[in-house]
Amino acid sequence: MACSPWLRRLGRRPAGALGPPPRSSAAWGRVVCFPHAGGGAGAFRPLATALAASPAAQDHPYEVLAVRYPGRHDRLREERIEQVTELAAGAYQALAPLTGRPLTLLGHSMGALVAYEVTRLLEQEGATRPVRLIASSAWAPSRVRNGTVHLRDDDGLVEEIRRTAGTDPRLLEDRAVLATSLPVVRSDYKAVETYRHRPGPPLRTPVTVLVGDADPLVAVEDAGAWRRHTVGGFRMRIFPGGGHFYVAGHWPEVAEQVGVGQAGRE
């Protein structure tokens with residue numbers, strides 16, 4: 001894999017797991033994960049673990065990469081980007097040389113919008129298009145609404161983070177943690193809340209949508225509207241009782257959907 005500050009390898013199928021290793025590394029597929037607002041590459045380590053144990057890995061080996069946005073974690077000294085399309089442009093530049101293998105893009109929440117824009121770039125620039133785009137807990141691009149969370153004071157921003165139930169409440173009481181994390185969360189919310197879908201042809205890439213039916217941010221109807229953004233096939237799975245971070249209890253099921261993408265099945 002070409003070195004890039006935008007990408008981190010999280011895992012690959014262990015040799016000998018679920019059958020013999022592939023004869024050639026060219027047989028490996030790639031799963032590229034795009035984090036949610038305020039999230040980092042490490043948020044997808046459970047997915048890498050679940051994929052390593054997935055039956056789909058036997059016939060469709062892979063490596064798992066996660067996108068690292070600038071301005072957080074080990075890129076903390078870099079300037080934050082506050083536009084979805086600019087985040088997508090940076091990720092695209094890192095991924096464009098890596099499209100020689102089957103590529104599945106998976107984004108959670110804000111990450112789904114970034115992954116969508118990367119998919120558009122891959123298709124527009126003539127690179128090999130992904131075998132599947134998986135959008136998790138995300139409004140369809142045409143359904144993103146104006147928002148003002150990024151304009152709130154710190155207490156208001158913490159209140160919104162609590163509502164999504166994706167962060168350990170103890171961290172939200174740690175002022176040192178908040179001093180580092182809140183500027184990142186604010187920038188990411190600004191990126192989402194100022195995003196405007198640019199008209200253009202629908203994707204040719206198949207799209208899978210995953211959403212919880214109790215998501216406080218994304219209504220099932222708004223997630224289902226992703227159907228309008230592709231002519232390449234559409235799948236949707238609704239997790240009963242699942243909130244915005246339903247994935248915490250359903251990584252094996254998410255891994256199963258990745259396996260469908262790698263196999264190219266509808």
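What volume does the second largest cavity have? About 30 Å³. Keep in mind that this is a predicted model, and the tour below starts with its empty spaces.

**Cavities and the largest pocket**

The cavity count, taking those of 30 Å³ or more, comes to two. Around the second largest cavity you'll find Ser109, Met110, Leu113, Ser137, Ala138, Trp139 and Val192. That lining splits into five nonpolar residues and two polar ones, with no charged residue.

One of those lining residues, Ser137, deserves a second look. Serine 137 sits in the loop between E5 and H5, and its phi is near 50°, a positive value in a residue other than glycine. Most residues other than glycine have a negative phi. Is serine 137 buried or exposed? It counts as buried, at 1% relative accessibility.

Histidine 73 also has a positive phi, near 55°, and again this is a residue other than glycine. Its place is the loop between E3 and H3. Histidine 73 counts as exposed because its relative accessibility is 56%, and the cut-off for exposed is over 50%.

Then there is the largest pocket, with a volume of about 1,100 Å³. Its lining runs to 50 residues, and His36, Ala37, Gly38, Gly39 and Phe245 lie nearest the centre. Strand E4 (103-108) and helices H5 (154-164), H6 (175-193) and H8 (251-263) each put at least two residues into this lining. H6 gives the largest share, nine residues. By type, the lining of the largest pocket holds 27 nonpolar, 18 polar and five charged residues.

H6 has another residue worth finding on screen: serine 187 lies in this helix. Serine 187 is buried, with a relative accessible area of 2%. From serine 187 to leucine 151 is 10.0 Å in space, C-alpha to C-alpha, while the two are 36 residues apart in sequence.

**Salt bridges around arginine 143 and arginine 145**

Side chains of opposite charge can pair when their charged atoms come close. This structure holds 18 salt bridges. Among them are these three, which involve helix H7 and the loop between E5 and H5:

| Acidic residue | Basic residue | N to O distance |
|---|---|---|
| Glutamate 221 | Arginine 143 | 3.9 Å |
| Aspartate 222 | Arginine 143 | 2.6 Å |
| Aspartate 222 | Arginine 145 | 2.7 Å |

Start with the glutamate 221 and arginine 143 salt bridge. Glutamate 221 belongs to helix H7 (residues 220-224) and arginine 143 to the loop between strand E5 (132-136) and H5, so this pair ties together parts that are 78 residues apart in sequence. Glutamate 221 is exposed, with a relative accessible area of 60%, whereas arginine 143 counts as buried at 18% relative accessibility.

Arginine 143 also meets aspartate 222 in a salt bridge. That pair links distant parts of the chain, helix H7 and the loop between E5 and H5, 79 residues apart. Here both partners are buried.

Aspartate 222 forms a salt bridge with arginine 145 too. With aspartate 222 in helix H7 and arginine 145 in the loop between E5 and H5, the pair ties together parts that are 77 residues apart in sequence. Aspartate 222 is buried, with a relative accessible area of 5%, while arginine 145 counts as partly exposed at 47% relative accessibility.

Elsewhere, a network of salt bridges links Arg9, Arg30, Glu63 and Arg101.

**The nonpolar core and helix H1**

In soluble globular proteins, nonpolar side chains tend to be buried together. Here the largest nonpolar core has 44 residues, and Trp6, Phe34, Leu105, Val114, Val118 and Trp226 touch the most other members. Strands E2 (29-34), E3 (62-67), E4, E5 and E6 (207-212) each supply at least two residues of this core, and so do helices H3 (84-95), H4 (110-124) and H6. Which element gives the largest share of this core? That is H4, with eight residues.

Finally, look at helix H1 (residues 45-52), where the buried residues are Leu47, Ala48, Ala50 and Leu51. They cover an arc of only 165° around the axis, which puts them on the same side of H1. An α-helix has 3.6 residues a turn, so residues three or four places apart point the same way.

Conventions. Residues numbered from 1 in each chain as written. Predicted model: local features only at pLDDT ≥ 70, side-chain atom pairs only at ≥ 80, totals over all residues. Heavy atoms only, no water. 1 Å grid on protein atoms, 1.4 Å probe; cavity = no way out; pocket = protein on both sides within 12 Å on 5 of 7 lines; lining within 4 Å. Points joined across faces, edges and corners; volume = space filled by probe spheres on them. Nonpolar A, V, L, I, M, F, W, Y, C, P; charged D, E, K, R; others polar. Helix = DSSP H or I, 4+ residues; strand = E, 2+ residues; numbered from the N terminus. Salt bridge = Lys/Arg side-chain N within 4 Å of Asp/Glu carboxyl O. Buried < 20%, exposed > 50% of the residue type's maximum accessible area, 1.4 Å probe, protein only. Arc of directions from axis to C-beta. Core = buried A, V, L, I, M, F, W, Y, C linked by side-chain atoms within 4.5 Å.
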